[in-house]
Structures are given as structure tokens and as C-alpha cells.
Amino acid sequence: TMSYMDFCVGGFIYWVWGFALMFGGSYIASGLDKGNAVIGFSGFCLIGDAYDVYTSAIWLFQMMFACTACTIVAGTVAERFKLHSHLLYSALLCGTLYPIYGHWVWGGGWLANLPIGSGFKDFAGSGVVHGIGGMVALVGAWMVGPRFGKYNSDGTPNLIHGHNMSYVVLGTLFLIFGWFGFNVGNTLSVTDFRITVIAVNMFLAITTGAITLLYISYTATGKSDIAMACNGSLAGCVAITASGAFIPPWAAVVIAIVAGFILRSCLYFVEFKLRIDDPIGAIAVHGANGLWGLLSVGIFADGSYLGVKGLITGSGWQLLAQLIGCVTLIAWTLGIGFLIFLLLDKTIGLRVPIKEEIIGIDEYEHGMSCYPGS
């Protein structure tokens, strides 16, 4: 319900004002001519000059990105977060936090126009989408607290098994399928033949990430963990999302291998050191690897697309631009995310009652069970 309603609530808010804040002043389509380096203010409700076929296409494509950032948080706070608190958070993310940072990067804002390298680059959203989702998930999971029974009195975590491993694999395949459109589509033109390079780089990141995590888990436990392999594929996807258009295929493999080790290390750090309960590993997959994806542009970009050049070409300026974008992302997302969750906590609350969590939120929030016959 949380994920489904993210698209309903988030998409609606993005239509009303989120899109205008993000792309106003970008001039990428009709009706998006008013804005500055900090925020846009044209294109509200797709009215006026924004009532245009190309502007509508841009809105529909970008709306899916905004709502995807919301759904990243849903899994991280699963099993204890109030539904309506989550939907209010989705509205605030799609209406403020996400579009303002997105304007800085994709809407002609100050990060895109940094006088360093080629300006801050995030081709398809390692930072704008996944970094924001992962960082907000970190704040949300920390503030709502772990699930009942996750940690023992001495602070050691317990393993709470997932619902259905077949669904894990199937869900990963759904994500991968959609992700090709997500990344390749950011050329905004099917006649831009760079889409073939992007698709190849993404496939290599998917497979390399899965192989890396499968054998990391096998080396550590002697068992071949398909859930870790699936998360490895997603980590590769996240990391390649910023850089896929700017790098050669061999670099995609290197980026995905590094993403696998970042994922494994971050999972351990979040669960054992920070003692934050993240049931699906979204903080590590999307947050940590979103930042790595941004930095990888400054390392591996070879100058073959839009003139973006990284360290492998002998230039370190692009890496500096990417670092500035990462620091800005962390400060903006953690700060505004904390204020959003604090506001919700002090008003309607974040967490369901503990007795209802033990029984199951389905009955408490929806008045029915997911499996009424069992």
C-alpha cells in the first residue's frame, strides 16, 4: 500500500507544484521559462504554455523518478511506520526536498553550472533519485527505531526472514527491466545512439554486481545467498545510473565491483554499528552507492559524451565538482529529511503501537489481512 500510494500521492503533488519547482527556468520545454539558480517557478499544474505535448512527456517521465525516490524509503521503514505519516512524507519529498535539489542538478541550477570541470553531472539520478531516497531512508529508519525483536538487550541484531524469496528475485527482475528505460531514457531522445552504450554499461553493472555479492557472501558464509546477489545487481544499477553515459564498458565492471564491496560494508556498518534496522538494505544500495555513482563520474568519464572528463583522462576537476555535489546532497537531504520526520513525529507520530506491530500492521492500518484465508 505504501509503495502504490507513493505514486498516487507523490505523482499528484509533483503535478501541482513539484515539477514547476524542479524545471522552471530550465527552458527544456514550453512553459518552463521562469526560475533562477536556486528554484524554478513555472509549469504549475501543466497549465498555460506548459499545456504542451513535449512538456507533458517530460513531466510524465520525471514524475516516475520523483515517486521512485519515495518508494525507496517504504522498504526501509517497513513493518512499523504509520501509513499516513509515510504518505505525508511522500508529499513533502515530491513537493519540496526532491524537486529543489533536482533543480540544482537537472533544472539549470547552480550545481549544474559549477565553473569546475563540466559542472556537476548526474546522468540519470544516482544522487537526485537514489541518493536522496537512501539518505532520507537513513533518517527515517533512525527516527522510527528498529522493528520489535530486531535487537537483543546487548545490541546484537537478529535475522528476521523476508516474506518470499521467489518474490525477491521476481521483484529484482521487475526493477532491472524498468531501470533500462530509467537510464537509457535520460538521453530524452531515441535518436541519440549513446543509448546503446548506456544499455551495455548497465547490463555489465547488473551482472558484475550480482557475481561480486554472490561470492562475497559465499566466501564469508560458505553459502550462495541469492538475496545478496539481487542486492548486488541493484547496487550496480544505482552506481552506474550517474555515469553510464560517460564511461567505457570496462569502467562499468570496475564501478560495479566497488559497489558490491561498498554494499557489503555499509550493510554491516548500518546494522551492527549504527544499529539502524533497514529490512531491505536500501540505505546501502541506494544511499551509499548513490554517492559512489556520483564520484565515479569524476573518475571514469572518458570525454566521449558531452565532453565530461574524469581522472582517467588526467583531469581532476570533474571529481571536485562531483564531490561538491555529494556534500550538498548529504547536507540538504539529511537536514530537510530530519525536519520532515521531526514534524511528523511531533504531530501525528511515526510509529504504530507496539502491540499492533506484533499482531501485524495489515489489520491495524487496513482492517484486513494480506492472507485472510490462512
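This is a short talk on some helices, loops, cysteines and core residues of one structure.

The model is predicted, so local features are taken only at pLDDT of at least 70 and side-chain atom pairs only at pLDDT 80 or more, while totals for chains, interfaces and linings use all residues. Residues are numbered from 1 along each chain as its sequence is written, and side-chain values use heavy atoms, leaving out hydrogens and water.

I'll start with helix α5. Helices here are DSSP runs of H or I with at least four residues, strands are runs of E with at least two, and both are numbered from the N terminus. Helix α5 covers residues 165-184. The expected span of a helix is 1.5 Å times one less than its number of residues. For the 20 residues of α5 that gives 28 Å, and the end C-alpha atoms are 29 Å apart, which agrees. Where is the kink in α5 centred? It is centred on Gly178, and it is about 25°. The bend at a residue is the angle between axes fitted to the seven residues ending there and the seven starting there.

At the N-terminal end of α5, Asn164 acts as a cap, with a side-chain oxygen 2.9 Å from the backbone nitrogen of Ser166. A polar contact is a pair of N or O atoms within 3.5 Å; within protein, one must be able to donate a hydrogen and the other to accept it, and residues adjacent in sequence count only if both atoms are side-chain atoms.

Next, burial in α5. Buried means under 20% relative accessible area, exposed over 50%, and partly exposed in between, with a 1.4 Å probe and protein chains only. The buried residues of α5 are Thr172, Ile176, Trp179, Phe182, Asn183 and Val184. An α-helix has 3.6 residues a turn, so residues three or four places apart point the same way. What covers the buried residues of α5 includes α2, α4, α6, α7 and α9.

Helix α2 itself covers residues 53-76. The 24 residues of α2 reach 37 Å from first C-alpha to last, close to the 34 Å expected. Asp52 caps the N-terminal end of α2, through a side-chain oxygen 3.0 Å from the backbone nitrogen of Tyr54.

Now the loop between α1 and α2. Asp33 lies in this loop and counts as partly exposed because its relative accessibility is 34%. Contact means heavy atoms within 4.5 Å. Not counting residues up to four places away in sequence, Asp33 touches Gly25, Tyr27 and Ser42. Leu46 is found in that loop too; it counts as buried, at 13% relative accessibility. The phi of Leu46 is positive, near 55°. Most residues other than glycine have a negative phi. Another positive phi, about 60°, belongs to Leu188, which sits in the loop between α5 and α6. Leu188 counts as partly exposed at 41% relative accessibility.

Two helix residues with contacts far along the chain or across elements come next. Ser85 lies in α3, residues 83-106, and is buried because its relative accessibility is 0%. Which residues does Ser85 touch, not counting those up to four places away in sequence? They are Leu344, Ile348, Gly349 and Leu350. The C-alpha atoms of Ser85 and Gly349 are separated by 7.1 Å, with these positions 264 residues apart along the chain. Put in the terms used for the chain, Ser85 and Gly349 are 264 residues apart. Glu357 lies in helix α11, residues 354-359, and is buried, with a relative accessible area of 11%. Apart from residues up to four places away in sequence, Glu357 touches Glu79, Arg80, Arg147, Phe148, Arg351 and Val352.

On to the core. A nonpolar core is a set of buried Ala, Val, Leu, Ile, Met, Phe, Trp, Tyr and Cys residues joined through side-chain atoms within 4.5 Å. The largest one has 100 residues, and those with the most contacts inside it are Tyr14, Tyr89, Leu93, Tyr98, Tyr101 and Trp106. Helix α3 gives the most to this core, with 12 residues. Leaving aside neighbours within four places in sequence, the contacts of Tyr98 include Tyr14, Phe65, Leu93, Trp106 and Ile132.

Last, the cysteines. How many disulfides are there, taking a disulfide as a pair of cysteine sulfur atoms within 2.5 Å? The count is zero. For Cys8, the nearest cysteine sulfur is that of Cys67, 8.6 Å away. Cys8 is partly exposed, with a relative accessible area of 36%. The sulfur of Cys45 is 15 Å from the closest cysteine sulfur, in Cys94, which is too far for a bond. Cys45 counts as partly exposed at 23% relative accessibility.

Definitions and conventions. A disulfide is a pair of cysteine sulfur atoms within 2.5 Å.
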